[in-house]
Amino acid sequence: MSISTAAARANRGVDAEGRTPEELREIVSHWGAELELAPAETIIEWAAATFGERFAITSSMGDAVLAHLASKVVPGIDVVFLDTGYHFIETIGTRDAVEATMPVSLRTITPAQSVAEQDAEYGKDLYRTDPDLCCALRKVKPLADSLASYDAWATGLRRAETKNRVIAPVIGWDAKRQKVKVSPMARWSDEEVERYIEDNGVLVNPLVYDGYPSIGCAPCTRRVAPGEDPRSGRWAGTNKTECGIHA
C-alpha cells in the first residue's frame with residue numbers, strides 16, 4: 001500500500017471538527033520516521049491525503065518554492081500569508097504574483113490591530129522598543145488564529161537556514177498550537193533550493209537578488225554583506241533570531 005493510499009484511508013470518517021490532539025500526536029509518532037527521507041512532493045501528498053481540507057501551507061513570500069511544490073501536488077491548496085503591515089512592497093508583490101499565477105487559494109491574514117492602532121496603545125515603533133511583543137502581536141497570534149480551522153500546517157523551514165533549525169523534523173508536533181507541523185523541505189540544501197527555482201522558473205522575491213537572503217518586516221531587515229550569515233540581517237544589533245512562529 002502506498003503512503004498516500006494509507007493516509008487517505010486514515011482520513012476517512014474524520015468530521016469537520018478534525019482530530020483531537022491525542023489523535024494528531026499519534027499520527028506524528030507513526031509517520032514521522034516513515035517520511036523522514038521522503039521527497040518533498042510525497043510529504044505534501046501524504047499531508048493532503050491525511051488531513052484533507054484541514055491542511056494548509058504558510059509562506060512568507062521570500063520565494064514561492066513551497067507554494068509551487070504544493071500547488072503541483074494539491075491544486076487549490078490554501079496558502080496562508082501573514083500581512084504584518086510592515087512588509088516590503090516587493091513581498092506584497094510576490095504574494096500577488098503567486099495568487100495570480102499559481103493554482104492556490106491564497107489567504108491573507110492581518111493582525112487584530114492596524115499599525116496605527118498598535119502605536120496608539122503601545123507607543124510608536126514597538127518593533128524597536130519591544131520586538132518580541134511586536135512579533136507576538138503581528139505574527140504569532142494572527143497565525144495561531146488563522147490555523148484554528150486546520151489540523152496540520154506546512155512551512156518552508158529548512159535545517160540549513162540556521163543552527164536553531166538543525167533538528168526541525170519533517171513531520172513534527174507543534175505543541176504550542178496543538179497541530180501537526182510539516183516541513184517538506186527540511187532536508188533541502190541552499191543549492192537544492194536554487195536548482196529547483198532555476199529548473200521550474202519559480203517566483204522569487206526581488207529583494208533576494210538585492211542583498212536580502214532572509215526577508216522579514218522592512219523595519220527589522222537589512223541587507224547582508226557577502227560572506228555573512230544569511231539571517232544576520234534579521235533584527236540586526238539585537239539578540240533576537242526568530243519571530244516566535246517556530247519557537
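**Group meeting talk: strand S6, helix H8 and four cysteines**

Let me begin with strand S6, residues 179-182, which is covered on both faces, since Lys179 and Lys181 on one side and Val180 and Val182 on the other are all buried, where buried means under 20% relative accessible area, exposed over 50% and partly exposed in between, with a 1.4 Å probe and protein chains only. In a regular strand the side chains alternate between the two faces of the sheet.

Before going on, I should say that this is a predicted model, in which local features need pLDDT of at least 70 and side-chain atom pairs count only at pLDDT 80 or more, while totals for chains, interfaces and linings use all residues. Residues are numbered from 1 along each chain as its sequence is written, and side-chain values use heavy atoms, with hydrogens and water left out.

As for the whole protein, the secondary structure comes to nine helices and six strands, with helices (H or I, at least four residues) and strands (E, at least two) taken as DSSP runs and numbered from the N terminus. Of the 247 residues, 49% count as buried.

Which strands pair with S6? Strand S4, residues 152-154, pairs with S6 in the parallel sense over three bridges, and strand S5, residues 171-174, pairs with S6 in the antiparallel sense over four bridges; two strands are said to pair if DSSP finds at least two bridges between them. On the S4 side, Ala154 stands opposite Val182, whereas on the S5 side Gly172 stands opposite Lys181 and Trp173 stands opposite Val180. S5 and S6 form a hairpin with four residues between them, and in that turn Gln178 has a positive phi of about 60°.

Now to helix H8, residues 131-146, which has 16 residues and reaches 22 Å from its first C-alpha to its last, close to the 22 Å expected at 1.5 Å a residue, the expected span being 1.5 Å times one less than the number of residues. H8 bends by about 35° at Leu137, and that bend is the angle between axes fitted to the seven residues ending there and the seven starting there. Among the buried residues of H8 are Cys134, Cys135, Arg138 and Lys139, and what covers the buried residues of this helix includes strands S1, S2 and S3, helices H6 and H7, and S4.

Two of those names return in the UniProt record, where an unreviewed entry lists Cys134, Cys135, Cys217 and Cys220 for "binding site"; such annotations are in the numbering used here, with feature names shortened, and may be inferred rather than shown by experiment. Why can these four be said to gather at one spot? They span 87 residues in sequence, yet no two of their C-alpha atoms are more than 10.8 Å apart, so they gather at one spot.

Cys217 sits in the segment after helix H9, residues 190-200, and is buried, with a relative accessible area of 11%. Leaving aside neighbours within four places in sequence, Cys217 is in contact, meaning heavy atoms within 4.5 Å, with Thr84, Tyr86, Phe88 and Lys139. Cys220 also lies in the segment after H9 and counts as buried at 15% relative accessibility; with neighbours within four places in sequence again left aside, Cys220 is in contact with Tyr127, Gly233, Arg234 and Trp235.
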